[in-house]
Each structure stands twice: as structure tokens, then as C-alpha cells.
Amino acid sequence: GNHILSPGESVGKGLTPEAAKDLGLPEGTAVAASLIDAHAGGLGVIGADVKGYNLPCENQPITSRVAVICGTSSCHMGVSETPIFVPGVWGPYFSAMVPGLWLNEGGQSATGKLIDHVVRGHVAFPELQSKAAASAHSIYTYLNSHLDLIKKSLPVGFLTVDLHVWPDFHGNRSPLTDLTLKGMVVGLTLSRGLDELALIYLATIQAIALGTRHILETMQAAGHHINTLFLCGGLSKNPLFVQMHADITGKPVVLSKEVESVLVGAAILGACASGDFASIQVCS
């Protein structure tokens, strides 16, 4: 319990004979000191090459970036050269994600789960399912298209001017750190159709993006200097979710070409443990 390895360092002598046999791999195959899944996602996306895209983080250290791993819940990873204590945000943890840098991790307890809960619990969900299936699209692709149809001349975000969601249905992890908080919807009417389902879906996504903005503003007030978001995870495949995060935070959002960033992070660790790369920084 007193031998500490940094992420990506080789563990022992690699795979034991028993493990190698079970996995169908050669004995001695390198095994890397691992990361939490969200940390691996942060590692896999935060070092993405952005040269030539005129982004504010170009030619800046990765401390100017935040990786947002958005799935069932969401994690917001920011690194710094010196420890920064952020109220309501975990850390700072030294070398927890990128060796030599301090990690702060904010988070939202329910994001993809919240969107699913709101959409699937609506009375118009069977109609949505039927129409999405008939068009050979996912329910969320169909909802995004439906919002485009009803937005008229204004940007889609303005559709919810009278409808607002407080997204802490499962408490607030960051930055309020209050697990007793509950969710709230303001502006409901008696309407029960697909338009209303699309609007509450949009308002929920906006509420999640506003929660991200709250986390970022708290991190920046404590000393982080963040100018670009790097998104990965299942929700980053939803164009509306990505666009609302850009609109509401006022920061550019980067999506890497390799969408499975958690796997990329794990591969980086393995490539370092095998000796193919000298360090995580070089491999990234």
C-alpha cells in the first residue's frame, strides 16, 4: 500500500501467466497504472491537436482547456500547474490525470439520465417513439429536427423563453454540493403534444449547459483560466447538446475526430507502459 505509480507507468512484470491465458494475450504484455473512466476520457481529449482552427487555446497550455465527459452524468476536468482550491469542486489532486499537473473535477449528478427521464416520462413519448421509428431516426435526432421545424425565424434557444428547468433532480454535485436539492420545472401549461415534449427536452439541455457554466465560472473565480471546452461521451454526439453548451458558456466547443475518448485515454496509458512513448505528454 505504499508503492505509488503515476498513470501510464508499467505495473509489475506485465501480465502473469494466468492472466495472459485467460485473456488470450502473450505473457508479460505491459499493464499500465490505470485511471478512473472519466479521467481517462479527459486524458484522451484534452490534449487534442487544434492547430489551424483559430481557437483561443491554440499555442496555449492545456491549462486553458476543460474536458467535459458527458454521459449518464457529467464530469468537468481542468488542470493547473499549481494547486487551485475551488469551492464545491473536487481536488486539487496531483498527477491524478496528467502527470505533473493538478486536477480539479467538477460534476453534474444526472445529465444523460435526466434528459432520458424527462423525455420518456412525458405523455407524448409514445407519439415520439412512433414518429422517430417511422423516420428511421433516434428519438433525439427526431426531437432536434422537430425543434428546427417549430423555431420559425428565431434561433432554437429562444423557444424556451417561458419554460425553465432547474436540473438538480438528483441533487447538486458541483458547485453547490447539496445532495438534498431537487429538480423544478417552471412555465408548464396544459398542452400535452409533441411540441411541448420538444420544448421541455430543449429546456432540460439548456439547464444542464447552465450548470456547466456555473461550474466553469466558479473554477475561473478561483484562479483557472479557461477559454475552450473539449467534449466527449455519449451526449457529445447530440448536436443540440453541443450547441447549447457553446451558446450558454460563450466558449468554443471542440469535438475530437475519435469520439471514444475514454478508450483513447486508456490506449495512451498502455502505449506509455509498453515503452512505445516516453511519457503521457509525448503520447498525447
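Which exposed residues does the face of α3 turned away from its buried side carry? In this predicted model, that face carries Lys113 and His117, and the close-up views described below begin with the helix to which these two residues belong.

**View 1. Helix α3, with its buried side and its exposed face.**
Helix α3 spans residues 112–120, and within this helix Gly112, Leu114, Ile115, Val118 and Val119 are buried. These buried residues cover an arc of only 160° around the axis, which puts them on the same side of α3. An α-helix has 3.6 residues a turn, so residues three or four places apart point the same way. The elements that cover the buried residues of α3 include α4 (125–134), α5 (139–150), α6 (194–222) and α7 (239–249). On the face turned away from that buried side, Lys113 and His117 are the exposed residues.

**View 2. Helix α4, with its buried face and its exposed side.**
The buried residues Phe125, Leu128 and Ala132 belong to α4. Looking down the axis of α4, one finds these buried residues within an arc of 55°, so they line one face of the helix. Their packing partners are α3, α5 and α6, while Pro126, Ala133 and Ala134 are exposed on the other side of α4.

**View 3. The packing of α4 against α5, and the loop that lies between them.**
The axes of α4 and α5 are 9 Å apart, and the two helices pack at an angle of about 95°. That angle makes α4 roughly perpendicular to α5. From α4, the residues Phe125, Leu128, Gln129, Lys131 and Ala132 meet Ile139, Tyr142 and Leu143 of α5, and the residues of this contact divide into 6 nonpolar, 1 polar and 1 charged. The loop between α4 and α5 holds alanine 136, which, although it is not a glycine, has a positive phi of about 60°. With a relative accessible area of 68%, alanine 136 is exposed.

**View 4. The crossing of α6 and α7.**
Two packed helices are described by the angle between their axes and the distance between the axes. For α6 and α7, the axes come within 9 Å and cross at roughly 45°. The two helices are therefore oblique to each other, and their crossing is right-handed. The residues of the contact of α6 with α7 divide into 11 nonpolar, 4 polar and 1 charged. On the α6 side, the residues that take part are Tyr201, Leu202, Ile205, Gln206, Ile208, Ala209, Leu210, Thr212, Arg213 and Leu216, and they meet Leu240, Phe241, Met244, His245, Ile248 and Thr249 in α7.

**View 5. The surroundings of phenylalanine 230 in strand β7.**
Strand β7, which comprises residues 228–232, contains phenylalanine 230. This residue has 0% relative accessibility and therefore counts as buried. When its neighbours within four places in sequence are left aside, phenylalanine 230 is in contact with Val45, Ala48, Val50, Cys57, Arg65, Val66, Ala67, Val68 and Val254. Between the C-alpha atoms of phenylalanine 230 and threonine 180 there is a separation of 30 Å, the two residues being 50 residues apart along the chain.

**View 6. Two cis peptide bonds, and a positive phi in the loop between β5 and β6.**
The peptide bond that runs from glycine 91 to proline 92 is cis, with omega near 5°, and proline 92 has its place in strand β3 (residues 90–94). Serine 174 and proline 175 are likewise joined by a cis peptide bond, for which omega is about -5°. Proline 175 lies in the loop between β5 (164–166) and β6 (184–186), and threonine 177 has its place in the loop between β5 and β6 too. Phi of threonine 177 is near 45°, which is a positive value in a residue other than glycine.

**View 7. Threonine 29 in the loop between α1 and α2.**
Threonine 29 is found in the loop that lies between α1 (17–23) and α2 (37–46). Its relative accessibility is 28%, and threonine 29 therefore counts as partly exposed. Not counting residues up to four places away in sequence, threonine 29 touches Gly14 and Leu15. The C-alpha atoms of threonine 29 and valine 118 are separated by 46 Å, and these residues are 89 residues apart along the chain.

How values were computed
Residues are numbered from 1 along each chain as its sequence is written. This is a predicted model: local features need pLDDT of at least 70, side-chain atom pairs count only at pLDDT 80 or more; totals for chains, interfaces and linings use all residues. Side-chain values use heavy atoms; hydrogens and water are left out. Buried means under 20% relative accessible area, exposed over 50%, partly exposed in between (1.4 Å probe, protein chains only). Helices (H or I, at least four residues) and strands (E, at least two) are DSSP runs, numbered from the N terminus. The arc is that of the directions from the helix axis to the C-beta atoms. Contact means heavy atoms within 4.5 Å. Axes are lines fitted to C-alpha atoms, for helices over the stretch in contact, and angles run from 0 to 180 degrees between N-to-C directions. Angles under 35 degrees count as roughly parallel, over 145 as roughly antiparallel, 65 to 115 as roughly perpendicular and the rest as oblique. A crossing is left-handed if the near helix is turned anticlockwise from the far one by less than a right angle, and right-handed if clockwise. Ala, Val, Leu, Ile, Met, Phe, Trp, Tyr, Cys and Pro count as nonpolar, Asp, Glu, Lys and Arg as charged, and the others, Gly among them, as polar.
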